[in-house]
Amino acid sequence: MNVLGIDIGGSGIKGAPVDTDTGELLEDRLRIPTPQPSAPDEVAAAVASITGHFGWNGPVGVTFPGVVVHGVIRSAANVDHSWVGVDAGRLFGGAMVLNDADAAGLAEVRFGQGRGRRGTVLVLTFGTGIGSALFVDGVLVPNTELGHLELRGKDAEHRASARAREEHELSWEKWAGRVEEYLRYVDMLFSPSLIVIGGGVSKKAEKFLPHVHLDTPVVAAALQNQAGIVGAAHAAADRV
C-alpha cells in the first residue's frame, strides 16, 4: 500500500509517499521548517502544504512530538503548548496521528535494526529532544516519553539531546559521555536486548557511538532520519 507519511519535529516537518510493503520512499522527501509559533493552525497549514505538494488523496500518517492518545494530543514539550487537548486526527483531516518516536520505532522494528528481534527493544531518537519507543516481542508500548526521565535534576533531554550538544557546543566525544550516562539509566530500568539510536544524529553515528560503552548492544538506526515518515505511513496502513 502507498501512504503519505509526515513527520512533525521541533525544527522541521518532513513528508514523502511510502511503499508500506517495503518501507521505501516513493519520491524525494519534502522538508519545511516548523512554523514559529508552532501552534495547531500554523502546523496544520504546513502539513496541508506537504500533502498538496505531492497531490495526495490517499491515506496519511502523521507523527507528533508528544503523547498522542486516540489522535488527541496530551503533551507538547518541544512545540507550542496550545496543542494539548487538540484532536490532531480531526485537525489533519482524519489522518492517523501517533507519537513521533513511536513511529520511528515502528519503522525500525518492521524494516530496520529491530526486525525479527524478540525480547525488549528500545528505540531512542536524538534531536530537539529525546524520543523513545519501547517494544516487547515486537509489540509497541506507546507514549513512553523516556527523554523526560530525570537525570542530574533535570529532564534527560536537556543534557543529552542533539540540541543540547549544539547549545552547549560539546564535542562529539564529550556529548557521547552524556549519551552513555543516559543509556546506562534506561538500560538499568528496562534491560533491553538491543538499543537503537535514531534521529538526525544517526547519520553521524561514527562520530559518537565508538565512545559509547555499554554491555547491551547499541546500534544506529537503519532508516536514520526517514524512520518517522516510514513509521507514520506504516501505522496508517495498519489502520486501513
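These legends walk you through several close-up views of the structure above.

This is a predicted model, in which local features need pLDDT of at least 70, side-chain atom pairs count only at pLDDT 80 or more, and totals for chains, interfaces and linings use all residues. Residues are numbered from 1 along each chain as its sequence is written, and side-chain values use heavy atoms, with hydrogens and water left out.

**View 1. Five strands make an open sheet in the order 11-10-9-14-15.**
Helices (H or I, at least four residues) and strands (E, at least two) are DSSP runs, numbered from the N terminus. Two strands pair if DSSP finds at least two bridges between them. The pairing in this sheet is mixed. Which strands stand at the edges? They are strand 11 (139-141) and strand 15 (218-220); each has a single partner strand, so one side of each is left without a neighbour in the sheet. On average, neighbouring strands here are turned by 25° against each other, direction ignored. For angles, axes are lines fitted to C-alpha atoms, for helices over the stretch in contact, and values run from 0 to 180 degrees between N-to-C directions. Strand 9 (residues 120-126) pairs with strand 14 (residues 194-198) in the parallel sense, over five bridges. To find one of these partners, start at V121 and look for L194 in strand 14.

**View 2. Helix 3 and helix 6 lie across strands of this sheet.**
Contact means heavy atoms within 4.5 Å. Helix 3 (residues 100-111) lies across strand 9, strand 10 (130-136), strand 11 and strand 14, and runs at about 45° to strand 10. Helix 6 (residues 172-190) lies across strands 9, 10, 14 and 15, and its angle to strand 9 is about 150°.

**View 3. Strand 1 has strand 2 and strand 5 as partners.**
With strand 2 (residues 12-19), strand 1 runs antiparallel, and seven bridges join them. A hairpin of three residues leads from strand 1 to strand 2, and V3 has V18 as its bridge partner in strand 2. Strand 5 (residues 60-64) runs parallel to strand 1, joined by four bridges; here the partner of I6 is V62. Buried means under 20% relative accessible area, exposed over 50%, and partly exposed in between (1.4 Å probe, protein chains only). Six of the seven residues of strand 1 (residues 2-8) are buried, so this strand is largely enclosed by the rest of the structure.

**View 4. The largest nonpolar core has 38 residues.**
A nonpolar core is a set of buried Ala, Val, Leu, Ile, Met, Phe, Trp, Tyr and Cys residues joined through side-chain atoms within 4.5 Å. In soluble globular proteins, nonpolar side chains tend to be buried together. Which residues touch the most other members of this core? They are I6, I13, V62, F64, W83 and F92. Strand 1, strand 2, helix 1 (40-53), strand 5, helix 3 and helix 8 (227-239) each supply at least two residues, and helix 8 gives the largest share, six residues. Apart from this core lies another, of 27 residues, among them Y182, V186, F208 and V212. Leaving aside neighbours within four places in sequence, the contacts of F64 include I73, V79, W83 and L98.

**View 5. E108 is a buried residue without a salt bridge.**
A salt bridge is a side-chain nitrogen of Lys or Arg within 4 Å of a carboxyl oxygen of Asp or Glu. Lys and Arg count as positive and Asp and Glu as negative, while His and the chain ends are not counted. E108 lies in helix 3. How far away is the nearest side chain of opposite charge? That side chain, R117, is 10 Å from E108. Not counting residues up to four places away in sequence, E108 touches residues including V123, V196 and L223.

**View 6. N143 and E169 both have a positive phi.**
Neither residue is a glycine. N143, with a phi of about 60°, sits in the loop between strand 11 and strand 12 (150-151). E169, with a phi of about 50°, sits in the loop between helix 5 (162-167) and helix 6. Are they buried or exposed? N143 is buried, at 19% relative accessible area, whereas E169 is exposed, at 73%.

**View 7. A cis peptide bond joins Q36 and P37.**
Its omega is about 5°. Look for P37 in the loop between strand 4 (30-33) and helix 1.
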